[in-house]
Amino acid sequence: MSDFDLHLLTAGPYHEQLVAGFWLSIKLAAGTLVLAMPLALLVALLRMTPSRLLNGVGFTFVEAIRNVPLLAHILFWYFGAPELLPEGLKLWLYRGNIEVAAAVIALTLYTAAYMSEDIRSGVRSVPKEQLEAARALGFNFLTSMRLVVLPQALRITVPPLISQGLSLWKNTSMAMVVGVAEMLYQAQQVESATFRSFEAFAFATAGYLGVSLVITGIAVLYEHRVRGAAGR
Amino acid sequence: MTRRFRLLALGLLAAFAPLVHADQVADIKAKGELVCGVLGTDDPFSFVDPKSREIVGYDVDLCNAVAKKLGVKTSLKQLAVAARVPELQQGRVDILAASLTHNKEREALIDFSLSTFITGQKVMTKKTSGIQQPAQLTGQKVLTVKGSTMEQNIKKLVPGAEIISFDNSPQAFLALQQGKGVAYVNDETSLIDDFSKLGPAQKDYVILPTSISTEHLALGLKKGEAGMKTLVDGVLRDMEKSGDAEKLFMKWLGPETKMKFPARPFKFETDKIDG
């Protein structure tokens with residue numbers, strides 16, 4: 001077993017590559033989160049409206065996305081979907097950062113599908129009398145949701161959503177199959193250039209673990225605050 | 001407590017102690033089979049024959065020749081490009097016949113047989129891109145395969161190019177066809193193979209004449225196994241002398257095949273590389 005060359009990771013071009021990969025992973029996760037949460041909320045609402053048609057749309061979205069592996073989604077959005085665009089738009093897209101765009105779209109849809117189910121469970125755990133009372137007071141469906149049900153539901157949904165965030169953080173590594181230079185891709189590049197697989201993957205592991213622990217820490221803090229405030 | 005600790009320590013020591021090292025040739029003969037690592041996705045070196053659904057090719061035939069000399073049967077194991085060297089190092093395959101380039105960095109990890117194929121790595125691009133020299137690739141997206149020597153070579157040659165690497169050659173080629181990159185870098189035989197698959201679309205593509213490197217492909221051998229190396233080199237030299245090497249080349253790369261090489265530009269004679 002050869003010695004662990006820490007110097008490789010802390011300075012020099014390989015260090016810069018790995019750090020650049022780390023920041024791209026963070027950006028992918030943050031961007032996806034920002035896009036996925038509103039989408040998840042929308043899909044959850046679709047499934048809860050009185051309209052059968054909108055329910056169907058929400059249901060199809062969730063089932064179609066949840067039952068297909070993330071890898072298939074990423075490959076589809078990179079190799080498949082852009083080909084259907086008109087020529088001019090397609091060429092503009094390919095000249096830009098199609099790899100990151102495809103990965104973010106795939107991740108957003110995937111994460112939103114799971115998050116919408118968590119939000120729906122949260123809403124279902126709020127007694128239905130709340131919605132009925134709000135409707136009885138004269139609010140329409142959307143307003144009752146916004147003012148009465150969702151504030152209660154989201155407080156319950158935060159722990160599952162944080163764990164979805166954790167999954168999302170790890171799922172960003174899947175983007176490397178379409179050439180996105182995120183942390184795991186860079187670790188592979190460093191490994192194939194230097195043959196020091198242990199050091200390269202140690203860096204990637206530390207990166208993923210570090211941020212995962214931060215996310216878990218946020219979850220624990222939230223639990224304490226909620227528990228403490230509600231006195232439960 | 002101390003007794004259990006001692007047993008545990010002994011167990012761990014035994015697990016990590018260097019294994020008693022018998023000669024690999026004897027091991028393979030005892031096993032009765034030679035496990036060959038192949039790619040299975042690189043026409044004509046190792047690929048799946050559409051009719052027989054078996055992996056065949058130039059590398060596979062070389063592997064069979066070595067197995068015949070050892071008197072054992074061949075067992076093919078399909079590997080990803082990036083997994084070739086690690087699998088050989090860990091002993092999960094006995095020999096690599098997987099379009100493996102012989103270079104200085106890899107020499108530190110594994111041994112190589114005599115060079116079995118000498119070619120270059122080239123660039124394929126669409127004619128509409130207007131690229132005629134690799135140097136024009138600065139600032140452009142270049143598509144290639146992860147964990148390969150062309151990834152390293154194109155990075156060295158054109159540092160300003162944006163390299164997008166895929167898990168295998170077919171994906172990188174598809175990305176070129178879709179226009180997701182302006183150039184596709186691979187070794188000459190893979191490019192000729194992909195080019196021939198284009199059919200009528202061939203008129204839109206061109207393989208640039210400038211090579212970005214010369215590649216010696218060779219069989220990969222476990223480091224330090226002198227007996228195995230002597231045996232494999234002996235098999236290759238015999239093939240060269242008997243004319244089997246020439247026949248093998250013509251079978252997979254000659255004028256009758258889609259590769260259409262008119263003549264064999266090398267011989268099985270050296271395992272030295274320069275640079």
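The following exchange asks how several statements about this predicted two-chain model are reached.

Biologist: What makes up the secondary structure of chain A?

Modeller: Chain A has 10 helices and 0 strands. Read along the sequence, its pattern is α-α-α-α-α-α-α-α-α-α. The C-alpha trace of chain A spans about 70 × 55 × 25 Å along its principal axes. Of its 232 residues, 34% count as buried.

Biologist: And what does chain B have in helices and strands?

Modeller: Chain B comes to 10 helices and 12 strands. Its C-alpha trace spans about 75 × 55 × 40 Å along the principal axes. Of the 275 residues of chain B, 43% count as buried.

Biologist: What share of the contacts in each chain joins residues 24 or more positions apart?

Modeller: Counting contacts with a separation of 6 or more, the share is 77% in chain A and 70% in chain B.

Biologist: How many residues does each chain give to the contact?

Modeller: Chain A gives 12 residues and chain B gives 14 residues. On the side of chain A, the elements that give two or more residues are α5 (87-95), α6 (98-124) and α9 (183-194). Of these, α9(A) gives the most, with 3 residues. By class, the side of chain A that touches chain B divides into 7 nonpolar, 3 polar and 2 charged residues.

Biologist: Into which domains is chain B divided?

Modeller: Domain 1 takes residues 21-118 + 216-253, and domain 2 takes residues 120-214. The C-alpha centres of domain 1 of chain B and domain 2 of chain B lie 27 Å apart. In the contact between them, 9 residues of domain 1 of chain B meet 12 residues of domain 2 of chain B. The side of domain 1 of chain B that touches domain 2 has 4 nonpolar, 3 polar and 2 charged residues.

Biologist: How do you know whether the span of helix α9 of chain B agrees with its number of residues?

Modeller: Helix α9 of chain B has 17 residues (residues 226-242), so at 1.5 Å a residue it should span 24 Å. Its end C-alpha atoms are 24 Å apart, and therefore the two values agree.

Biologist: Which residues of α9(B) are buried?

Modeller: They are B:M228, B:K229, B:V232, B:V235, B:L236 and B:M239. Because these buried residues cover an arc of only 130 degrees around the axis, they are on the same side of α9(B). As a general point, an α-helix has 3.6 residues a turn, so residues three or four places apart point the same way. On the other side of α9(B), the residues B:A226, B:G227, B:T230, B:K241 and B:S242 are exposed.

Biologist: What do the buried residues of α9(B) pack against?

Modeller: They pack against α2 (24-31), α3 (58-70), β7 (111-126), β12 (213-221) and α10 (244-253) of chain B. Just after α9(B), B:G243 takes a positive phi of about 90 degrees.

Biologist: What span does helix α8 of chain A have, set against that of a straight helix?

Modeller: A straight helix of 31 residues would span 45 Å at 1.5 Å a residue, whereas helix α8 (residues 141-171) of chain A spans only 35 Å between its end C-alpha atoms. A kink of about 50 degrees lies at A:V149 in α8(A), shortly before the proline A:P151. A:V149 is one of the buried residues of α8(A), and A:L161 and A:W169 are also among them.

Biologist: Why is A:S163 called partly exposed?

Modeller: A:S163 has 15 other C-beta atoms within 10 Å. A buried residue needs 20 or more and an exposed one has 12 or fewer, so A:S163 is partly exposed. A:S163 is in helix α8 of chain A. Its C-alpha atom and that of A:M115, 48 residues apart along the chain, are separated by 9.7 Å.

Biologist: What is notable about phi in B:R53?

Modeller: B:R53 has a positive phi of about 60 degrees although it is not a glycine. Most residues other than glycine have a negative phi. B:R53 is in the loop between β3 (46-48) and β4 (55-56) of chain B.

Biologist: Does B:R53 count as buried or exposed, and why?

Modeller: B:R53 has 7 C-beta neighbours inside 10 Å, so it counts as exposed.

Biologist: And why does B:S99 count as buried?

Modeller: B:S99 has 26 C-beta neighbours inside 10 Å, and therefore counts as buried. B:S99 is in the loop between β6 (95-96) and α5 (104-107) of chain B. Its phi is near 50 degrees, a positive value in a residue other than glycine.

Technical notes: Residues numbered from 1 in each chain as written. Chains lettered and ligands numbered in written order. Predicted model: local features only at pLDDT ≥ 70, side-chain atom pairs only at ≥ 80, totals over all residues. Contact = placed C-beta atoms within 7 Å. Helix = DSSP H or I, 4+ residues; strand = E, 2+ residues; numbered from the N terminus. Nonpolar A, V, L, I, M, F, W, Y, C, P; charged D, E, K, R; others polar. Domains from an automatic or database assignment. Expected span 1.5 Å × (residues − 1). Arc of directions from axis to C-beta. Bend = angle between axes of the 7 residues up to and from the residue.
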